[in-house]
Amino acid sequence: MRIRTPRFRSAVSLAVAGALAVTLVPMTAPPAAAQEYCRQIDAHPRYYDTSPAREPGRFGYGVLFHIVATMCLLNKERQRLGLREVEESAELRAAARAHLLASLEQKWWGQSDPHADPRVSGTGSQQIIKRIQAAGYCAGGRSWKGYEILYAGWGSGGTPRSAVHWWLNVSTQGHDRVIRDPEHTHFGVQARGGSAYRADDGKSGAATYVVTFGSCQR
């Protein structure tokens, strides 16, 4: 089943920029290693078309391969366009994870801005800045940009392939431009079973995805 969330309930992408003093991002995996991970996922393509578990489980294997599958699909689109692949950032991944967990705990999507945690002050764009800053990104840089894109679906719409397809081909809210932005150098991806939309949370195959993109000018 495809995602039942209509466009107005789906996440918008928001851009922020500034010269905030935050910590340098260590890369989780070098590009060569990331490419090898994608080759392994290509050899086991079921991870593109199944939903992540509700709990990470031992060593995170319940969600790890679906996170990698999402990363690979995003970079495949950039490869197709001849753009530089984005590298994983531990800091941006931490920012994405914080928002994912808050969203699954409170399930406010569809009631207010999905980027704006109701327990935190500030607009969605202001909170994106806070999340990236709190995680630590681009210390000493002259300027940085951060973007956050979100998705939740269920049934066959809860898979990495469905999430990336929706961002690239269905959404009219700029998700495709974020993914295809040639300035991006880093990203952090998080995924977990369960929906940030309360009405959809108990449905089979429900899953929620958060991706934080960044670029740093030094």
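Here's a quick tour of one strand and one pocket in this structure. Keep in mind that the model is predicted. The strand is S4, covering residues 186-193, and 8 of its 8 residues are buried, so S4 is largely enclosed by the rest of the structure. S4 also turns up in the lining of the largest pocket, where it supplies at least two residues.

**Strand S4, side by side**

- His186, Gly188, Gln190 and Arg192 point one way from S4, while Phe187, Val189, Ala191 and Gly193 point the other way.
- Whichever way they point, all of these residues are buried, meaning that each has under 20% relative accessible area.

**Who S4 pairs with**

- Strand S2 (residues 87-88) runs parallel to S4, and 2 bridges join the two.
- In that pairing, glutamate 88 sits opposite phenylalanine 187 of S4.
- Strand S5 (residues 207-217) is antiparallel to S4, with 8 bridges joining them.
- Glycine 214 in S5 is the bridge partner of histidine 186.

**The largest pocket**

- Its volume comes to about 430 Å³.
- The lining is made up of 22 residues, and the closest to the pocket's centre are Val63, Leu64, Phe65, Ile67 and Val68.
- Helix H1 (31-43), helix H2 (61-80) and helix H3 (90-106) each supply at least two lining residues, as does S4.
- H2 gives the most to the lining, with 6 residues.
- Sorted by class, the lining has 14 nonpolar residues, plus 4 polar and 4 charged ones.

Terms used:
Residues are numbered from 1 along each chain as its sequence is written. This is a predicted model: local features need pLDDT of at least 70, side-chain atom pairs count only at pLDDT 80 or more; totals for chains, interfaces and linings use all residues. Side-chain values use heavy atoms; hydrogens and water are left out. Buried means under 20% relative accessible area, exposed over 50%, partly exposed in between (1.4 Å probe, protein chains only). Helices (H or I, at least four residues) and strands (E, at least two) are DSSP runs, numbered from the N terminus. Two strands pair if DSSP finds at least two bridges between them. On a 1 Å grid over the protein atoms alone, a cavity is a set of points where a 1.4 Å probe fits but cannot get out, and a pocket is an open set with protein on both sides within 12 Å along at least five of seven lines; lining residues have an atom within 4 Å of a point. Grid points are joined across faces, edges and corners, and a volume is the space filled by probe spheres set on the points. Ala, Val, Leu, Ile, Met, Phe, Trp, Tyr, Cys and Pro count as nonpolar, Asp, Glu, Lys and Arg as charged, and the others, Gly among them, as polar.
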